[in-house]
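Let's take a walk through this one together. Have a look at the model first, and then we'll pick out a strand and a loop.

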Amino acid sequence: MESAIDTHLRCPRTLSRRVSDDYAPPFPMFVARGDTALQQVVMAYFGVQYAGEGKRPQALAALRHIVESFGLADGPVRHDLTQHVDNQDHHNLMAVAYWADPAAYCRWLRSDDVKAWWESEERLDEGLGYFREVVAPRAEQFETLYAFTEDFPGIGGVMGECSGEVEEHAYWGSMRDRIPLSQTDWLEADAGLTVVSGDPAKGGRVIVRGHDNIALIRSGQDWMAAGEDERALYFDEILPSLQDGMDFLRDNGDTLGCYSNRFVRSIDIDGNELDESYDIGHWRSLDLLERWAESHPTHLRIFVTFFRVVTGLEKLRLYHEVSVSDGKDQMFEYINCHPRTGMMRDAVVPAAV
């Protein structure tokens, strides 16, 4: 049994864990490991939004262009594709990309081809919406958790290695305890969201400024290799409570401090659905995410279901990654998206002077 916090990221604690030192978890879980050279990563969500099925071919073409740009110099280490319909009945395609080096990401972002396409006036006139939601947490600002030990999705695929069985899981507060910075920092939010350019109500280009310690969670379910029994387990027992919880956060998350919640389905480059889904949630703070997880009925039902089935899982793969980040290491940009998209919903528009 080992700590979820890797050796080179441990330090003397000034804040205690939520469990005693002799705690033993009831089942095995694992985390991704990166080497000491991994100092900071980039988690980037590039979206294409459209209002009706007639726009889908055009939106898929735009998504393919974004994916093609990943092949340029300094592109991401890995990426995956998703789709979902939001509560304004808009369709959203996303390319979710990960870099192991923020400097490489910045070079890619500022390259002539990438910069020119995103800044082109054509993006304003083609009848689609676009968004870029990017955070760059340092190694001490994120954690992972997997019920399996290989072929990690998301940021785990960037890190490359797997731990042994870890101690910090299966209790309330374990998510925080796996984040190295929590050894000495409460990870509190320091401000709110602010519109710094544009007006969400008017469309066009809008830039939202974030703040320190926005929490981002990606929580996934992969049934690609699952047999008939495990598929039935997922669709009949896990998915109903999961869907209820995700829909609640999508529609009512603003009352709890959840800025944005998207329950997405993975797709291939042609838009065909794959046997994988995951939730993408942006929260004002880790503390507010924890409060929902520990006390809200919609999550307690998910948690109880997971505990009931987890020991019998073989091919059904469940995981999550959670990060906090500094405000200076975030970017939220929207182009012709509806005003309740992402961070725009809760961002304050400064009063006119």
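Strand β2, residues 42–50, runs antiparallel to strand β4, residues 91–99, and nine bridges join the two. To find one of these spots for yourself, go to Y45 in β2: its bridge partner in β4 is V96. Keep in mind as you look around that this is a predicted model.

β2 has another partner as well. Seven bridges join β2 to strand β5, residues 129–135, and this pair is antiparallel too. Here you can use A44 as your marker, since it stands opposite V134 in β5.

So how many of the residues in β2 are buried? The count is nine of nine. If you follow the strand along one side, you pass V42, A44, F46, V48 and Y50, and on the other side you meet M43, Y45, G47 and Q49. Both of these faces are covered.

Now let's leave the strands for a loop. V166 sits between β7 (161–162) and α5 (174–178). Is V166 buried or exposed? With a relative accessible area of 0%, V166 counts as buried, because that value falls under the 20% cut-off.

What is V166 in contact with, once its neighbours within four places in sequence are set aside? The list includes M1, E2, S3 and A4, and it goes on with P25, M29, F30, V31 and L145. P28 is worth a glance too: V166 and P28 are 138 residues apart in sequence, yet their C-alpha atoms are 7.2 Å apart in space.

How values were computed: Residues numbered from 1 in each chain as written. Predicted model: local features only at pLDDT ≥ 70, side-chain atom pairs only at ≥ 80, totals over all residues. Heavy atoms only, no water. Helix = DSSP H or I, 4+ residues; strand = E, 2+ residues; numbered from the N terminus. Buried < 20%, exposed > 50% of the residue type's maximum accessible area, 1.4 Å probe, protein only. Contact = heavy atoms within 4.5 Å. Pairing = 2+ DSSP bridges.
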